[in-house]
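Please open the model in the viewer and keep the sequence panel visible. The tour below proceeds by selection, with a short account of what is found at each stop.

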Amino acid sequence: MQTLKIEMAFAGAALFALGAFFGTRPSGAEAGTVEAAPVRAFTEADYAVFDRGFILDSQPCMVGLERQNICFSPSPLEARIHTGAVVPLDVPLVAAEFRVIVETDLKDPALRTVRFGQTLALVDPETRVVVDQMRLLPSAS
């Protein structure tokens, strides 16, 4: 019976401490929480996520995600993709692979991240305008 009283005392003290912790925490604006703001452009961190110059299945891969066994092949459509361009209606706006999207920073939910070969583009699905694009390989010049 004595141990039951001691256990109840410890439990009561723990509940009191927990209540005091939650009671003294700042709330709402006082907490100064910073919410992640979705961006409308690619960042250097996005570029750095991708691996370059690795071997996948005994074949050289210029760019991709090595740890996820993804290699990006070039596409003839990439030459037509640039910021401000309108994606032609005959080109479907298929979202980039989920694993690619997860690797990059939070983008504006109104935009769609689309991959064209070795290029990623943020596209407004309503207007089909390319808001930003990122070539995953350094330019040859």
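Relative accessible area is sorted here into three classes: buried means under 20%, exposed means over 50%, and partly exposed lies in between (1.4 Å probe, protein chains only). The model is predicted, so local features need pLDDT of at least 70 and side-chain atom pairs count only at pLDDT 80 or more, while totals for chains, interfaces and linings use all residues. Residues are numbered from 1 along each chain as its sequence is written, and side-chain values use heavy atoms, with hydrogens and water left out.

**First stop: the sheet β1-β2-β3**

Helices (H or I, at least four residues) and strands (E, at least two) are DSSP runs, numbered from the N terminus. Two strands are said to pair if DSSP finds at least two bridges between them. Select residues 51–56, which are β1, and 70–71, which are β3; these are the edge strands, each pairing on one side only. The open sheet has 3 strands in the order β1-β2-β3, and its pairing is antiparallel. Next, add β2, residues 59–65, which is joined to β3 by 2 bridges. Within this pairing, G64 has C71 of β3 as its bridge partner.

**Second stop: the disulfide**

Display the side chains of C61 and C71. They form a disulfide (a pair of cysteine sulfur atoms within 2.5 Å), and their sulfur atoms are 2.1 Å apart. The link is right-handed, with 110 degrees about the S-S bond. Because C61 belongs to strand β2 and C71 to strand β3, the pair ties together parts that are 10 residues apart in sequence. C61 counts as buried at 2% relative accessibility, whereas C71, at 35%, counts as partly exposed. The structure holds 1 disulfide.

**Third stop: the sheet β4-β5-β6**

Select β4 (112–116) and β6 (130–135): they stand at the edges with a single partner strand each, so one side of each has no neighbour in the sheet. This open sheet of 3 strands has the order β4-β5-β6, with antiparallel pairing. From one strand to the next, the twist averages 20 degrees (axes are lines fitted to C-alpha atoms, for helices over the stretch in contact, and angles run from 0 to 180 degrees between N-to-C directions). Now highlight β5, residues 119–123, which 5 bridges join to β6. One position to label is A121, whose bridge partner in β6 is Q133.

**Fourth stop: salt bridges**

A salt bridge is a side-chain nitrogen of Lys or Arg within 4 Å of a carboxyl oxygen of Asp or Glu. By this rule the count comes to 4. Select D108 and R40, which form one with the closest N and O atoms 3.1 Å apart. D108 lies in the loop between α3 and β4 and R40 in the loop between α1 (2–24) and α2 (44–49), so the pair ties together parts 68 residues apart in sequence. D108 counts as buried at 17% relative accessibility, and R40, at 41%, as partly exposed.

Turn next to D46 and K107, whose side chains meet in a salt bridge (2.6 Å, N to O). D46 is in helix α2 and K107 in the loop between α3 and β4, 61 residues apart. Both D46 and K107 are buried.

**Final stop: E78**

Which residue of opposite charge has the side chain nearest to E78? Select R135: its side chain is 4.8 Å away, and E78 is buried yet has no salt bridge. For charge, Lys and Arg count as positive and Asp and Glu as negative; His and the chain ends are not counted. E78 is found in the loop between β3 and α3 (98–103).
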